[in-house]
Amino acid sequence: MAPRPSLFVGPSATHDRGVFTRRARRPDDVLEVCPVLVIPAEDRPLVDDTVFGGYYYEWGDDGEGALALGCGSMYNHTRHPNARYEMDVEARTITIVAVTDIAAGDEVTISYAGEPGADDSDLWFDPVEPSSDTAASGG
């Protein structure tokens with residue numbers, strides 16, 4: 001039998017769908033390394049008018065965007081996330097790293113404003129904090 005992936009997308013009490021972990025994680029555990037598709041700056045307005053508009057990251061210093069593959073573009077935002085993202089522009093990857101203990105079945109969240117606790121007042125939506133019951137079944 002093939003091993004089950006340790007992350008899965010499932011129903012989220014916060015934002016429709018989210019990313020969850022099948023096993024407990026500790027701070028500094030790497031949850032995922034996501035390759036990205038870089039969106040040239042001149043194409044971003046076109047992408048913004050599609051379903052992908054809310055799913056890509058700001059990328060580099062030239063106004064580009066990046067659509068993360070794997071689960072990378074499915075992580076939900078919270079002001080008090082249990083993970084962070086690290087961008088490697090040269091390698092064209094985004095790494096998701098735990099910042100707190102995360103129990104098996106819990107939703108993995110990041111801050112879209114960058115570092116956990118950063119000001120998120122410039123986001124394109126009104127942030128909703130997750131309820132205490134955001135765990136999903138094993139997907």
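Let's start with Glu-58, which is exposed, with a relative accessible area of 53%. The label has cut-offs: buried means under 20% relative accessible area, exposed over 50%, and partly exposed in between, using a 1.4 Å probe and protein chains only. Keep in mind that this is a predicted model, where local features need pLDDT of at least 70 and side-chain atom pairs count only at pLDDT 80 or more, while totals for chains, interfaces and linings use all residues. Residues are numbered from 1 along each chain as its sequence is written, and side-chain values use heavy atoms, with hydrogens and water left out.

So what does Glu-58 pair with in a salt bridge? The partner is Arg-44, and the closest N and O atoms are 2.8 Å apart. A salt bridge here is a side-chain nitrogen of Lys or Arg within 4 Å of a carboxyl oxygen of Asp or Glu. Side chains of opposite charge can pair when their charged atoms come close. This pair links distant parts of the chain, with Glu-58 in strand β4 (residues 57-59), Arg-44 in helix α1 (residues 44-48), and their positions 14 residues apart. Helices (H or I, at least four residues) and strands (E, at least two) are DSSP runs, numbered from the N terminus. Unlike exposed Glu-58, Arg-44 is buried, with a relative accessible area of 14%.

Searching the whole structure turns up four salt bridges. Another of them ties Arg-84 to Asp-28, with 4.0 Å between the closest N and O atoms. Here too, distant parts of the chain are linked: Arg-84 belongs to strand β7 (residues 83-88), Asp-28 lies in the loop between β2 (16-21) and β3 (30-39), and the two are 56 residues apart. Asp-28 counts as exposed, at 56% relative accessibility. Arg-84 also meets Glu-86 in a salt bridge, at 2.7 Å from N to O. Glu-86 is partly exposed, because its relative accessibility is 35%. Through shared partners, these salt bridges join Asp-28, Arg-84 and Glu-86 into one network.

Now step back and look at the whole chain. How many helices and strands does the protein chain have? There is one helix, and there are nine strands. Reading from the N terminus, the elements go β-β-β-α-β-β-β-β-β-β.

The strands build sheets, and two strands pair if DSSP finds at least two bridges between them. One open sheet has five strands in the order β4-β5-β3-β8-β7, with antiparallel pairing. At its edges stand β4 and β7, each with a single partner strand, so one side of each has no neighbour in the sheet. On average, neighbouring strands of this sheet are turned by 35 degrees against each other, direction ignored. For such angles, axes are lines fitted to C-alpha atoms (for helices over the stretch in contact), and angles run from 0 to 180 degrees between N-to-C directions. Inside this sheet, β3 and strand β5 (residues 64-68) run antiparallel and are joined by four bridges. You can find one bridge by looking at Leu-37, whose partner in β5 is Leu-67.

Next comes an open sheet of four strands, in the order β1-β2-β9-β6, with mixed pairing. Its edge strands are β1 and β6 (76-77), and each pairs on one side only. Strand β1 (residues 7-12) runs antiparallel to β2, with six bridges between them. A hairpin of three residues connects β1 to β2. Look for Leu-7, which has Thr-21 as its bridge partner in β2, and for Val-9, which has Val-19. On to the next neighbour: two bridges join β2 to strand β9 (residues 107-110), again antiparallel. There, Phe-20 stands opposite Glu-107 in β9.

Finally, try the surface. The protein chain exposes about 7900 Å², with carbon and sulfur atoms supplying 51% of it. These accessible areas come from the Shrake-Rupley method with a 1.4 Å probe, and for residues only the protein chains shown count as cover. Val-51, Phe-52 and Tyr-55 make a nonpolar surface patch of about 310 Å². Patches are made of residues with over 30% relative accessible area and no salt bridge; like charges are joined within 9 Å, and nonpolar side chains (Val, Leu, Ile, Met, Phe, Trp, Tyr) within 5 Å. Phe-52 sits in the loop between α1 and β4, and is partly exposed at 45% relative accessible area. As for the inside, buried residues make up 40% of the 139 residues in the protein chain.
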